[in-house]
Amino acid sequence: QVQLVESGGGLVQAGGSLRLSCAASGRTSSTYSMAWFRQAPGKEHEFVAVINWSGATTSYSDSVKGRFTISRDNAKNTVYLQMNSLKPEDTAVYYCNPTLGGRSPLYDWGQGTQVTVSS
(Lines give C-alpha, C1' and ligand atoms only; values in the text may rest on other atoms or scores of the structure.)
Protein backbone atom coordinates (compact mmCIF):
# COMPACT_ATOMS: atom_id res chain seq x y z
CA GLN A 1 0.00 0.00 0.00
CA VAL A 2 1.22 3.48 -0.90
CA GLN A 3 0.10 6.69 0.72
CA LEU A 4 0.33 9.93 -1.25
CA VAL A 5 -0.30 13.20 0.57
CA GLU A 6 -0.40 16.36 -1.50
CA SER A 7 -0.26 19.85 0.00
CA GLY A 8 0.45 23.47 -0.82
CA GLY A 9 -2.58 24.38 -2.87
CA GLY A 10 -4.62 27.53 -2.40
CA LEU A 11 -6.19 30.56 -4.01
CA VAL A 12 -3.92 32.81 -6.03
CA GLN A 13 -4.36 35.58 -8.56
CA ALA A 14 -3.39 35.09 -12.18
CA GLY A 15 0.34 35.57 -12.60
CA GLY A 16 1.06 34.34 -9.10
CA SER A 17 3.00 31.32 -7.87
CA LEU A 18 2.45 28.27 -5.70
CA ARG A 19 4.65 25.38 -4.64
CA LEU A 20 3.01 21.99 -4.21
CA SER A 21 4.47 19.12 -2.21
CA CYS A 22 3.75 15.40 -2.31
CA ALA A 23 4.89 13.09 0.46
CA ALA A 24 4.98 9.41 -0.44
CA SER A 25 5.09 6.61 2.12
CA GLY A 26 4.45 2.91 2.28
CA ARG A 27 5.44 0.41 -0.38
CA THR A 28 6.96 2.83 -2.81
CA SER A 29 10.41 2.94 -4.29
CA SER A 30 12.79 5.82 -4.78
CA THR A 31 13.58 4.27 -8.18
CA TYR A 32 10.10 5.11 -9.46
CA SER A 33 9.48 8.18 -11.52
CA MET A 34 7.05 10.59 -9.90
CA ALA A 35 4.45 12.60 -11.75
CA TRP A 36 1.95 15.34 -11.13
CA PHE A 37 -1.54 15.21 -12.59
CA ARG A 38 -4.52 17.51 -12.30
CA GLN A 39 -8.26 17.25 -12.64
CA ALA A 40 -10.45 20.22 -13.46
CA PRO A 41 -14.20 20.05 -12.70
CA GLY A 42 -15.98 17.74 -15.10
CA LYS A 43 -12.77 16.59 -16.77
CA GLU A 44 -10.50 13.56 -16.66
CA HIS A 45 -7.15 13.49 -14.89
CA GLU A 46 -4.54 15.28 -17.01
CA PHE A 47 -0.80 14.68 -16.99
CA VAL A 48 1.23 17.73 -15.89
CA ALA A 49 4.86 16.72 -15.30
CA VAL A 50 7.10 13.74 -14.53
CA ILE A 51 10.57 13.38 -13.05
CA ASN A 52 12.77 10.28 -13.11
CA TRP A 53 14.17 8.64 -10.00
CA SER A 54 17.42 10.60 -9.97
CA GLY A 55 15.86 13.93 -10.85
CA ALA A 56 18.01 14.23 -13.96
CA THR A 57 15.17 13.88 -16.46
CA THR A 58 11.90 15.77 -16.52
CA SER A 59 9.02 16.12 -18.96
CA TYR A 60 6.08 18.50 -19.04
CA SER A 61 2.77 18.88 -20.79
CA ASP A 62 2.74 21.62 -23.40
CA SER A 63 0.25 23.60 -21.35
CA VAL A 64 2.67 24.09 -18.42
CA LYS A 65 6.08 23.92 -20.09
CA GLY A 66 8.19 26.94 -19.18
CA ARG A 67 5.97 27.85 -16.20
CA PHE A 68 6.07 24.79 -13.94
CA THR A 69 9.12 22.97 -12.52
CA ILE A 70 9.07 19.50 -11.00
CA SER A 71 11.72 18.39 -8.52
CA ARG A 72 12.21 15.70 -5.89
CA ASP A 73 14.06 15.01 -2.66
CA ASN A 74 14.50 11.25 -2.32
CA ALA A 75 15.84 11.56 1.21
CA LYS A 76 12.45 13.01 2.19
CA ASN A 77 10.38 10.88 -0.21
CA THR A 78 8.90 14.13 -1.45
CA VAL A 79 8.24 15.55 -4.89
CA TYR A 80 7.53 19.21 -5.57
CA LEU A 81 5.82 21.25 -8.25
CA GLN A 82 6.79 24.91 -8.50
CA MET A 83 4.08 26.72 -10.42
CA ASN A 84 4.77 30.21 -11.74
CA SER A 85 2.81 32.55 -14.00
CA LEU A 86 -0.39 30.79 -13.04
CA LYS A 87 -3.43 31.11 -15.29
CA PRO A 88 -7.14 30.62 -14.53
CA GLU A 89 -7.06 27.47 -16.70
CA ASP A 90 -4.59 25.94 -14.21
CA THR A 91 -7.44 25.73 -11.70
CA ALA A 92 -7.81 22.07 -10.71
CA VAL A 93 -7.17 19.52 -8.01
CA TYR A 94 -3.54 18.45 -8.27
CA TYR A 95 -2.39 14.91 -7.55
CA CYS A 96 0.93 13.10 -7.51
CA ASN A 97 1.52 9.46 -8.36
CA PRO A 98 4.47 7.20 -9.14
CA THR A 99 4.91 6.07 -12.72
CA LEU A 100 7.26 3.73 -14.54
CA GLY A 101 8.70 6.66 -16.43
CA GLY A 102 5.67 7.40 -18.53
CA ARG A 103 2.44 9.22 -17.93
CA SER A 104 0.35 6.43 -16.44
CA PRO A 105 -0.21 6.45 -12.67
CA LEU A 106 0.62 3.29 -10.74
CA TYR A 107 -1.59 3.65 -7.69
CA ASP A 108 -4.93 4.98 -6.50
CA TRP A 109 -5.21 8.73 -6.18
CA GLY A 110 -4.63 10.54 -2.90
CA GLN A 111 -6.84 13.38 -1.71
CA GLY A 112 -5.13 15.94 -3.92
CA THR A 113 -4.68 19.64 -3.26
CA GLN A 114 -6.94 22.32 -4.72
CA VAL A 115 -5.40 25.10 -6.78
CA THR A 116 -7.66 27.99 -7.71
CA VAL A 117 -6.41 30.81 -9.92
CA SER A 118 -8.56 33.92 -10.10
CA SER A 119 -8.52 36.27 -13.08
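Read along the sequence, the protein chain of this predicted model follows the pattern β-β-β-β-β-β-β-β-β-β, and its secondary structure comes to zero helices and ten strands, where helices (H or I, at least four residues) and strands (E, at least two) are DSSP runs numbered from the N terminus. The radius of gyration, taken over C-alpha atoms, is 13 Å, close to the 14 Å that the globule rule (2.2 Å times the number of residues to the power 0.38) gives for 119 residues, so the chain is as compact as a globular protein of that length. Along the principal axes, the C-alpha atoms fill a box of roughly 40 × 25 × 25 Å.

Residues are numbered from 1 along each chain as its sequence is written. Because the model is predicted, local features need pLDDT of at least 70 and side-chain atom pairs count only at pLDDT 80 or more, whereas totals for chains, interfaces and linings use all residues, and side-chain values use heavy atoms, with hydrogens and water left out.

The accessible surface of the protein chain, computed by the Shrake-Rupley method with a 1.4 Å probe, comes to about 6100 Å², of which 47% belongs to carbon and sulfur atoms. Of the 119 residues, 40% count as buried, a class defined by under 20% relative accessible area, with exposed meaning over 50% and partly exposed lying in between (1.4 Å probe, protein chains only). Among contacts (heavy atoms within 4.5 Å) between residues at least 6 apart in sequence, 53% join residues at least 24 apart.

The largest nonpolar core, a set of buried Ala, Val, Leu, Ile, Met, Phe, Trp, Tyr and Cys residues joined through side-chain atoms within 4.5 Å, has 25 residues, and those with the most contacts inside it are Trp36, Leu81, Met83 and Tyr94. At least two residues of this core are supplied by each of strand 1 (2–7), strand 3, strand 4, strand 5 (46–51), strand 7, strand 8, strand 9 and strand 10 (113–118), and the largest share, four residues, comes from strand 3. Methionine 83 touches, among residues over four places away in sequence, Gly16, Ser17, Leu18, Leu20, Arg67, Phe68, Tyr94 and Val115.

One disulfide is found under the rule that a pair of cysteine sulfur atoms lies within 2.5 Å; it joins cysteine 22 to cysteine 96, with an S to S distance of 1.8 Å, and is right-handed, with 55 degrees about the S-S bond. Cysteine 22 lies in strand 3 (residues 18–26) and cysteine 96 in strand 9 (residues 92–99), so the pair ties together parts that are 74 residues apart in sequence. Both count as buried, cysteine 22 at 1% relative accessibility and cysteine 96 at 0%.

Strand 7 (residues 68–73) and strand 8 (residues 78–83) pair in the antiparallel sense over six bridges, pairing being assigned if DSSP finds at least two bridges between two strands. Aspartate 73 stands opposite threonine 78 in strand 8, and in the hairpin of these strands, which has four residues between them, asparagine 77 takes a positive phi near 50 degrees. In a regular strand the side chains alternate between the two faces of the sheet; in strand 7, Phe68, Ile70 and Arg72 form a covered face, whereas Thr69, Ser71 and Asp73 form an uncovered one.

Serine 33, in strand 4 (residues 33–39), is buried, with a relative accessible area of 8%. Not counting residues up to four places away in sequence, serine 33 touches ten residues, namely Val50, Ile51, Asn52, Trp53, Arg72, Asn97, Pro98, Thr99, Leu100 and Gly101.
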